[in-house]
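Colleague: I would like to go through this model with you and ask how each label was earned. Could you put it up for us?

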Amino acid sequence: MNETSPKITAQDVARLAGVSQSAVSRVFTPGASASKATVDKVRAAAETLGYRPDPLARAMITGRTRIIGLVVAYLENQFYPIALERLSRALQERGYHILVFMAENSTEKVAEVVQELIDYRVDGIITASVSLSNDLTGRLASFGIPVVNFNRGQNDPRLTDVTSDNIAGGRRAAEFLIAAGHERIAHIMGWQGASTGRDRAAGFQSAMEEAGLPIVAMVDGMYSRERAAAVARELCAGPERPDAIFVGNDYMAFAVMDELRFGLGLSVPGDVSIVGYDDVPLAAWPTYALTTIRQPVNRMVSATVEAILGQIDQTTGPQKIRIDGPLVVRKSSRIPEGYTP
């Protein structure tokens, strides 16, 4: 078809396939019902005519763009690119697509990005590693745009949160180190401006208090490699160093291990045991062999997709979802005597 040829319409396809125009619409609408015979006839006619459905026209008719906006602050942490890929695949399998926007984790920048997503008329928004202000949440609610926070919690009943059970994970890390005989345990926390960092620290602290052990230090690592390495150097350079450190995520834990080994000449776990949080692929590499709390990313992605689509279809409302993840024991930590996974 050249540039002056008339545009092929769904009605043309229906006429050639010998079906109704509504049947053509069903064939090209994800999730709609059509028999195999109808699908085969319509797709054959569409290929013959060179027909492609117009998503903008469909959006005007249905009020749905079948686009989900994803707002993410940073991708340095390996956990987020993996989650982003799996979210995209899972949504595509349901007939949706992701529109990704990067945003600095500030109220102004997030608001600018969300306004752009509103302008794109997205059906829903998933945030990852960012928070929404109360005013912004209210605006989205007024537009009828549901929001799911992925790996971040907010104390707002209008928002759905999907996270690992961070409090249980922090507790599990502390209990493991205590069981291994450690008595001088420190925690390099995740950023305390995020629920993930606060909850992991709270779980760790409660387990330490119940065991009657003092905490050597709890320092905010800001989810920064540079900051975590500097904190590790400060904690471990002197004679009163901790004998174990629970680090708020794997991204920081790798930097801590590098600093201890290559900066201070210490053995991991001979001098200091290290436990992280996330279980990103690099944690299993022999270079690190990091003991860590696994974030159950597949289950978190599945819950996020079901939550956002359920709200779009108005079959579910906002909810707070916490998914427990296991401790994965490798070689970066002393192992308790008689320990079995």
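Modeller: Happy to, and remember that the model is predicted. Arg225, Ala228, Ala229, Ala232, Arg233 and Cys236 of H10 meet a set of H11 residues, among them Tyr251, Phe254, Asp258 and Leu260.

Colleague: What makes these residues count as meeting?

Modeller: Contact means heavy atoms within 4.5 Å, and the H11 side of the list also includes Met252, Ala255, Val256 and Glu259. By class, the contact has 10 nonpolar, no polar and 4 charged residues. Arg and Asp count as charged, so Arg225 and Arg233 in H10 and Asp258 in H11 belong to the charged class.

Colleague: Why are H10 and H11 called oblique to each other?

Modeller: Their axes cross at roughly 45° and come within 8 Å. Angles under 35 degrees would be roughly parallel, and 65 to 115 roughly perpendicular; the value for H10 and H11 fits neither, and the pair is therefore oblique. The crossing of H10 past H11 is right-handed.

Colleague: Now the cavities. How many turn up in the whole structure at 30 Å³ or more?

Modeller: The search gives 2. The largest holds about 90 Å³, and 13 residues line this cavity, with Asn77, Tyr80, Asn151, Thr196 and Tyr223 the closest to its centre. H5 (79-93) and H9 (195-211) each supply at least two of the lining residues.

Colleague: What makes Leu70 and Phe150 lining residues of the second largest cavity?

Modeller: A lining residue has an atom within 4 Å of a cavity point, and Leu70 and Phe150 are on that list, along with Val72, Tyr80, Ala83, Leu84, Leu87 and Ala128. This cavity has a volume of about 50 Å³. H5 gives the most to its lining, with 4 residues.

Colleague: How do the two linings divide by class?

Modeller: For the second largest cavity, the residues are 8 nonpolar, no polar and no charged. Tyr counts as nonpolar, so Tyr80 in that lining falls in the nonpolar class. The largest cavity has 4 nonpolar, 6 polar and 3 charged residues in its lining.

Colleague: Which backbone details should I look at?

Modeller: The peptide bond from Val268 to Pro269 is cis, with omega near 15°, and Pro269 is in the loop between H11 and S9 (273-278). Arg121 is not a glycine, yet has a positive phi of about 60°; this residue lies in the loop between H6 (107-119) and S3 (124-128). Ala289, also not a glycine, has a positive phi of about 40°.

Conventions. Residues are numbered from 1 along each chain as its sequence is written. This is a predicted model: local features need pLDDT of at least 70, side-chain atom pairs count only at pLDDT 80 or more; totals for chains, interfaces and linings use all residues. Side-chain values use heavy atoms; hydrogens and water are left out. On a 1 Å grid over the protein atoms alone, a cavity is a set of points where a 1.4 Å probe fits but cannot get out, and a pocket is an open set with protein on both sides within 12 Å along at least five of seven lines; lining residues have an atom within 4 Å of a point. Grid points are joined across faces, edges and corners, and a volume is the space filled by probe spheres set on the points. Axes are lines fitted to C-alpha atoms, for helices over the stretch in contact, and angles run from 0 to 180 degrees between N-to-C directions. Angles under 35 degrees count as roughly parallel, over 145 as roughly antiparallel, 65 to 115 as roughly perpendicular and the rest as oblique. A crossing is left-handed if the near helix is turned anticlockwise from the far one by less than a right angle, and right-handed if clockwise.
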